[in-house]
2 protein chains.
Amino acid sequence: MKQIIFCVIVALSSVIAEYKYETKYFKVPLDHFGFQRNETFNIKYLVNDDNWDRGNGPIFFYTGNEGQIELFAKHTGFMWEIAAEFRAKIVFAEHRYYGSSMPFDKKSLDKEHIGYLSSAQALADYADLINFLQGNVVKPRYPVIAFGGSYGGMLAAYFRIKYPHVVIGAIAASAPVHMYPGMAPCGVFNRLVTSSFKTVDINCSKNIRQSWAVIRNYTKTPAGQEVLNKTLNLCSPVKNATDLDTLMEFLESMYSTLAMVNYPFASDFLTSLPAEPVRVVCQYLNETLTGEKLLKGIGKVVDIFTNYDKKNPCVNYKEGDDYGNLDAAGWDYQACTEMVMPMCSNGVNDMFEPQPWNFTAYAEECHKKYGVYPRPDMARLEYGGNRLQAASNIVFSNGLRDPWTGGGILDSLSDTVRAVVIVDAAHHLDLMPSNPSDPEPVKIARNIHKQHITRWINQFREQLMTTRKS
Amino acid sequence: MKQIIFCVIVALSSVIAEYKYETKYFKVPLDHFGFQRNETFNIKYLVNDDNWDRGNGPIFFYTGNEGQIELFAKHTGFMWEIAAEFRAKIVFAEHRYYGSSMPFDKKSLDKEHIGYLSSAQALADYADLINFLQGNVVKPRYPVIAFGGSYGGMLAAYFRIKYPHVVIGAIAASAPVHMYPGMAPCGVFNRLVTSSFKTVDINCSKNIRQSWAVIRNYTKTPAGQEVLNKTLNLCSPVKNATDLDTLMEFLESMYSTLAMVNYPFASDFLTSLPAEPVRVVCQYLNETLTGEKLLKGIGKVVDIFTNYDKKNPCVNYKEGDDYGNLDAAGWDYQACTEMVMPMCSNGVNDMFEPQPWNFTAYAEECHKKYGVYPRPDMARLEYGGNRLQAASNIVFSNGLRDPWTGGGILDSLSDTVRAVVIVDAAHHLDLMPSNPSDPEPVKIARNIHKQHITRWINQFREQLMTTRKS
């Protein structure tokens, strides 16, 4: 088993090594929609022209999401692999306030500077950049396709909705565009996470459901705390209620991440993990466990999650739900402003501790942290909500292994707003580098993507011909 | 002649008297696209429900432009006249920073407060308001059609482009959506103004072309100045170069306005004027005139332009191009930021003094006034530029008498982005109250509008049925 896994990793690495790009910077206004502040700053983008037909080849444009853009470039193999066939230029644009696209350098995330972090501003950055890539001409020559996964998939779809004149279509992978208040049940995400574990082994989800009380129990005495710290191999001890909250948050997030990246191959996308990570961790929880045995099982899960690459001597749970490769510090602010995605659990339909969705408490917490109250209807109003059939040329792909599918578009909405549902696929697997372990459905999905892209490009070229004639 | 004109005015007044509405206010965020400033303020809107089918009747929504909204409500008779047939609710929304929709009351236009005046923010205000009118539900029930004329027409089209999920279609009358740098020749507007006068009488435009030098000549001596002040009946004398510039600006603007509102009936839209105002004023310039005779002719034109309703004892030329009913003080700022519309004249193809388009000088002037530099590509990037075929369900109507037609869409771009060209019609005549003097083509245009609106509403209802089924 291990041998196979390592083979895959080697193969993967060599593929990744082929992704070459130039790193460039592009100047954008701090505020695209008003003029009270007229500063500018640079966003980063990665570009590869190797296969590009400079005459009229397409531009494949990744709408960067919450993290350093190199991570998405590395893991969006689909764009790299089809570039030659389409003679496309590849561009990965970094989202403002992430990676090194910081308007105020190290002070960017401070209360007094963070307010220009929004999806609308990021999309306007991308539109500006594409205008530059088109040569700032009135009649753009190159068809541009937006790609993105997760929040990046939402951005790809939103980019097409808001800038149909800039991008001719969007491949929006695992984009939970319905995960807004009133649009999806708050419990769906945790229910689907649970389902991933339950599908592997019903004892697995049962044990996890039991584990919360066991962990809490261990924190009640100094001796118990020591066992807990040791069994979970924590870098710093759980000393108080705040530490315990953080540990619980870390663990919940761990299970969610495991479900999201439950890929058929080893991957270091969010953190370094073996192939089929849910199956791998569940082998330690496949019989009814209690007390210290259960704690030890959880300890094994945590060990695989944090130390599969043998680089971490202990578990830095204090990173909470920020744990992993994604440097997404700004996301918390986005979730506190426009990206309000209600989450809840009840411990019955899911394996988590009961936690109702309490918008008021959530809003107050946001106000305490950032001095802002969330605008829960904003994203729905700006980006289409339940009326996405009003848009065109968008593919919403969702893998049924992915808990975010609970907020995804699973039925086609029109002839040109299409849903592609992929069984056996986790979070935007269709955008990942192809792999011998890929299930058949994801290969089919990628072919469907290519058909749509071809159609959009042909459509654009026909329009261009018509315009030239007239 | 006069008798007929007065009859029309009486008829018109009685129609206008029928436009009843409630005046309401709606709270919007100062900044829709970021969170650095979290103030709110009220925009005004006018609403009439008399004909509305509250079950599923449409909402006819006027995207208010640069001025107090009551003026547009009064002169957009088309919406009022078709409301009963469509069982529609009528809403006129006021644009932020105009009328009484001021974020910072009387200080709104100050340098330190004006920066949130932009079309994007205004459109987001409208989207918020419509969400409220829909009852803040996830699945909106009422089909909403956007209407607008001139900049309001641009906003109606842009609203459909940016918020296709909010408005199902847009009637964009006389919307110069191509009047941006690099998209239309800078001289086209003044050439078309000239053409209006030339068509009536070639001597009319010739005399106006000669008049500039004559006026300048009169300012060279105190005696000449006195003749000028008296002949043009100026409220305050032209004492220096600045005054002269202002007078010239006032006169240029006067000719443009006369061409724009060259309606077949008397109207007090921008200022109180007789029917066929260009024909009326040209009767004083219909033979070759020179010197004081020419000045007297211009004096007659000015008198008709400023005092047709006998309310102004003298000519307040110091209002420059702000003269008239439209309280559009904020427009100058919009023209200095996003709405950069190059204008030039050469005195050959047009009847104005030669004035090249000099973006650098323009930009510096803007910076001096407001501390901002224009963003000349912004509107093109945000609102589609030359790629409006990427949108859908928009009617661009243009009257061939209207100089703004030079920046309009005169050819249909797709099956659903349609051009309607109306001969014999001035600035958004198709949206004006119907009138016995209306030329046949404008009646046809209004019927085409109604057909499109019907189609859009049916489309929306079909989509609603499909969604309900699924």
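**How the two domains of chain A meet**

In this predicted model, chain A is divided into domain 1 (3–180 + 381–469) and domain 2 (188–370), with bounds that come from an automatic or database domain assignment. The C-alpha centres of domain 1 and domain 2 of chain A lie 29 Å apart. Their contact (heavy atoms within 4.5 Å) draws on 43 residues of domain 1 and 38 residues of domain 2.

The size of an interface is often given as the accessible area lost when the parts come together. Here domain 1 and domain 2 of chain A bury about 3400 Å² between them, and carbon and sulfur atoms account for 68% of that area; the value is the accessible area (1.4 Å probe) lost on putting the two parts together, summed over both. On the domain 1 side, the residues losing the most area to domain 2 are A:Met179, A:Arg401 and A:Pro403, which together make up 18% of what that side buries.

A:Arg401 also appears in a salt bridge with A:Glu276, where the closest N and O atoms are 3.1 Å apart. The rule (a side-chain nitrogen of Lys or Arg within 4 Å of a carboxyl oxygen of Asp or Glu) finds two salt bridges across this domain interface.

The domain 1 side that touches domain 2 comprises 24 nonpolar, 13 polar and six charged residues, with Ala, Val, Leu, Ile, Met, Phe, Trp, Tyr, Cys and Pro counted as nonpolar, Asp, Glu, Lys and Arg as charged, and the others, Gly among them, as polar.

Residues are numbered from 1 along each chain as its sequence is written, and chains are lettered from A in the order in which they are written. Local features need pLDDT of at least 70, side-chain atom pairs count only at pLDDT 80 or more, and totals for interfaces use all residues, while side-chain values use heavy atoms, leaving out hydrogens and water.
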